[in-house]
Amino acid sequence: MDIKFELLSNHSQESQLNSISKQIESLRIAVAESISTLQTRNCPEQANKTDKSSPESQSSNLESKAGQKEESMSKDSWYSGILSSLDVLSRIPPLKGQSSSKNQPENSSRAPSSNDNNYMSWLRGAKEQLEELSEKIQSANWGSDAVAPTTRSPSPAKTADSPTDGDQTSYVDSMRQQIQAQIESLQSQIGARVDGAKAAWGDTIYGMLPEQLQLPWITACAQMCLDPNVHPELLQPASVRIGHEMCSQEASFQLERAKHMRNDFSEYIGVPAASVDERDIPIIGVAGSGGGFRAMVATIGYYRAMHISGFLRCVTYDAAVSGSSWAIGALHTYADGSPLRVLDNVREAMRNSIFSTSNLMAFVKSNDGIAKHVFVDMATKYLLYSNSDQPQPDKQSDINSTHTADNPDSDCTQHQPTNANPIMHKLLQQGERLAGTLFPGYLKNISADAVEVLKPSDVDELIQAAKSAIERIPTPQLSIVDLYGALLFKQLIVEHKPGLKDSEEAELSLNSKWTRLSAQREGMDEGRLPMPIYTAVRHFIGSADNDTESTESHGYQWFEFTPYEFGSIDHGAWIPAWAFGRPMTDGQDQMRIGEAHFGSVMGTVASAFCASVKAMVMEVYMNIPIALHPVVDPLLDWFEKDTEVAHVVPPYTLYNPFFRTHEKRSTGDELLAELESEQLLSLMDAGLENNLPFAPLLRKERNVDMIVCLDSSANIDIMPWFARAEAWAAKHEVGRWPWGARPWAADPLRPSKSEIEMSRSMLSSTKQASKATEDRLKDRNVKCVVFDRPLAPSPLRSDSSQLSLAPEPSTTILYLPLTSNKEFCHPEFDPETADFCATFNDKWMPEQVDLLADLTSFNFMQEAERIRSAVKEAYERKRAYRLYLESLEE
């Protein structure tokens, strides 16, 4: 593509070049005159031979005199280099249409025309040469010995009229200061011209972008976040809820779900519906693992089998980490709970890479309305950030050397824009220029039609409101996670319906409700669908006394997104889901903007690339030969403390809705107090802590009776997910965890201190049980193992008030790992080694999607009876315990 850079108007560029040319020439003459004058003072005999003409004549002949002096000077004089530099700078030929100057060197470079992109190069060269010239003048010895020729006759005796040494020094200092001042002034002006040229370059790049990615289009996207037809929650004020109990909506949902599933549940376990008390139906949660696109496809295969077998109609919660979240998100948006519909969409959507720039541009150009809905969150965040003054936070307790937590604005966070998408790379470079065009002065220059369609005054009011309402809060940066989430949404939530012919493009459709997490409650309020739970973690860096210099105490804190609420499991702080993304202070919203895009949730919960340096290193460590571990271990030990808390890629950052929330709470709640002190909140992939979402399903207030783990992790047999879940259960006093449950016997690679201590505390009998379980999974082709009772003593202290009661039945854990199956129609297929099953492979052929989905469906159906028996037993145990408690009350 032939691109002509219209950097400046003809008149503007001509004026600027002529101005700079004249200033440089004046400076050159001034230096030459000063040198000539100084040489005359130092060599009076030369002065006697000079022309005694009038002042006017002397002025007109100044340059020729300077030239004569230059020729007589030795090449090693300090000023020869200065004059050489000035000569180079003065070689500016006239602009087009002007005649050449008689003094212009014949071999000078061509003048930059109005369409010439050498303009900036010339400016940079001029600036560099002036800087070099300035250094020479500053470092030069301006005494008489320095400026006199190498060979000269002895100076005659001074007369009364000759300048004294003091006068000489004063004159030289004055001359040097004057020349230096002229150079500094010129440097400043050239610097301003360079900045102007950069802005003009930005205009050029901006003009290269398609219309749909320029400012009016971005402004139209942002306008949608203020549309009450899209965001009805704009009419509602939001507030923070403090407490670990379930919200009232979720409590009602559990009752409605049990009522709705009663007949389906009785049919599934094979008992009469009339005999089933809704209070005895076990609360079942499915826990989908991380694993990128592999986990997404595998999870949909599992859900298809659950749908066919009738198990899915008995599920209360769909919890997910990372890649499986995309499958759950599809189920609860366009698919309305149908895994078959999701598979149809995935087959079509995954034909193209989500990171394909050409595919993105074709999508934006051909689907303007849908594209606006996809990128609305990015546009809003981009405009707010571009127009913010960006005050720094009062404190940075979560910052440590690199991206470590809630403030991505530390010095080390200023990374170059990602090259994952060149279009966004270019957009991000234009922050300052685009920011300036949002205000009324610019809007007057837009056509009346554009103003009427885009309603820019509303967006301008949004920006002004943001500045006044959140004056002391830094605006979250637009990050790669925002872009990643938008691309995921475009690929996986926008529904793709195949064309009638193979050559035809897929037909795309999008309902604006799919962009909002809170809209997913529609199927839940009736009890018709399970409740989705999306998970993320916050990496807290610090110590018990919140010392930011200490990294000995750091950890991941769990957050969850549901259609009812967003909040922290560990802190017990919540806001309505529709308020996610609003700036809030003191427990109340500060500005009403639309709910954050569901694409942002998809990107956040799957942002594994925001992992700590240690986690990234471990990915390599797991793939090197074991024989090399002793060589590598000492090096990793040396840097372990720093790498555990350093994040190369900044996480998703939003306004902290819990900032300065002042409510009555228990004394000494330092954890919540620390969260409230942060102005921004940064979240990342929960798989960095545990690749299975045990935490939300182990919340005591939810009282989940069964967790079905769909584990599609890489290196599945060495991962410490169960050990970490057990540690979380112990910390939060979840007594129903089946202590000692381990599907794999191998110890994790380079375990943490807590994991080492936990491994040592395990009884030998428990380890033997783990080995037996692993043998079943690996050697006996078992695809589901059940943990329904403790295999080790509970680490929790017994409550004296409960000693007389029988213990509540343990939570049943069903574990289904993604492994090959020798009974499958393609027994040679192993997802652990198949290239297309790699975690970050984002381009799948339909037959590859079917192969993996068919495997997981087959694995589930192979274990269907074992799963059915486990569900029935959980029901009977829950019923027996209820009857037992009732008997005590009689």
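**Cysteines, cavities and salt bridges in the predicted model**

With a cut-off of 2.5 Å between cysteine sulfur atoms, the count in this predicted model comes to 0 disulfides. Cys-709 takes part in no disulfide, the nearest cysteine sulfur, that of Cys-784, being 9.6 Å away. Cys-709 counts as buried because its relative accessibility is 0%, and Cys-610 likewise counts as buried, at 0% relative accessibility.

Internal space was examined next. The structure holds 7 cavities of 30 Å³ or more, and the largest cavity comprises about 300 Å³ of space. The lining of the largest cavity is made up of 22 residues, with Asp-377, Thr-380, Gly-581, Ile-593 and Ala-596 lying nearest its centre. Two elements, helix 15 (368-386) and strand 12 (652-655), give two or more residues to this lining, and the largest share, 6 residues, comes from helix 15. By residue class, the lining of the largest cavity divides into 11 nonpolar, 8 polar and 3 charged residues.

Helix 21, which covers residues 480-492, was considered with respect to both its geometry and its burial. At 1.5 Å a residue, the 13 residues of helix 21 should span 18 Å, and the end C-alpha atoms are indeed 18 Å apart, in agreement with that expectation. Of these 13 residues 12 are buried, so helix 21 is largely enclosed by the rest of the structure. Among the buried residues of helix 21 are the charged side chains Asp-482 and Lys-490, together with Val-481, Leu-483, Tyr-484 and Phe-489.

A search of the whole structure finds 38 salt bridges. In one of them, the side chains of Lys-778 and Asp-717 meet at an N to O distance of 3.0 Å. This pair links distant parts of the chain, since Lys-778 belongs to helix 30 (residues 764-779) whereas Asp-717 lies in the loop between strand 14 (706-711) and helix 28 (721-731), 61 residues apart. Both partners count as partly exposed, Lys-778 with a relative accessible area of 45% and Asp-717 at 25% relative accessibility.

Glu-245 forms a salt bridge with Arg-241, in which the closest N and O atoms are 3.4 Å apart, and Glu-245 counts as partly exposed at 43% relative accessibility. The side chains of Arg-592 and Asp-589 also meet in a salt bridge, at 4.0 Å from N to O; Arg-592 counts as partly exposed at 39% relative accessibility, whereas Asp-589 is buried, with a relative accessible area of 16%. Beyond these pairs, a network of salt bridges links Glu-250, Glu-560, Arg-699, Glu-701 and Arg-702.

Definitions and conventions
Residues are numbered from 1 along each chain as its sequence is written. This is a predicted model: local features need pLDDT of at least 70, side-chain atom pairs count only at pLDDT 80 or more; totals for chains, interfaces and linings use all residues. Side-chain values use heavy atoms; hydrogens and water are left out. Buried means under 20% relative accessible area, exposed over 50%, partly exposed in between (1.4 Å probe, protein chains only). On a 1 Å grid over the protein atoms alone, a cavity is a set of points where a 1.4 Å probe fits but cannot get out, and a pocket is an open set with protein on both sides within 12 Å along at least five of seven lines; lining residues have an atom within 4 Å of a point. Grid points are joined across faces, edges and corners, and a volume is the space filled by probe spheres set on the points. Helices (H or I, at least four residues) and strands (E, at least two) are DSSP runs, numbered from the N terminus. The expected span of a helix is 1.5 Å times one less than its number of residues.
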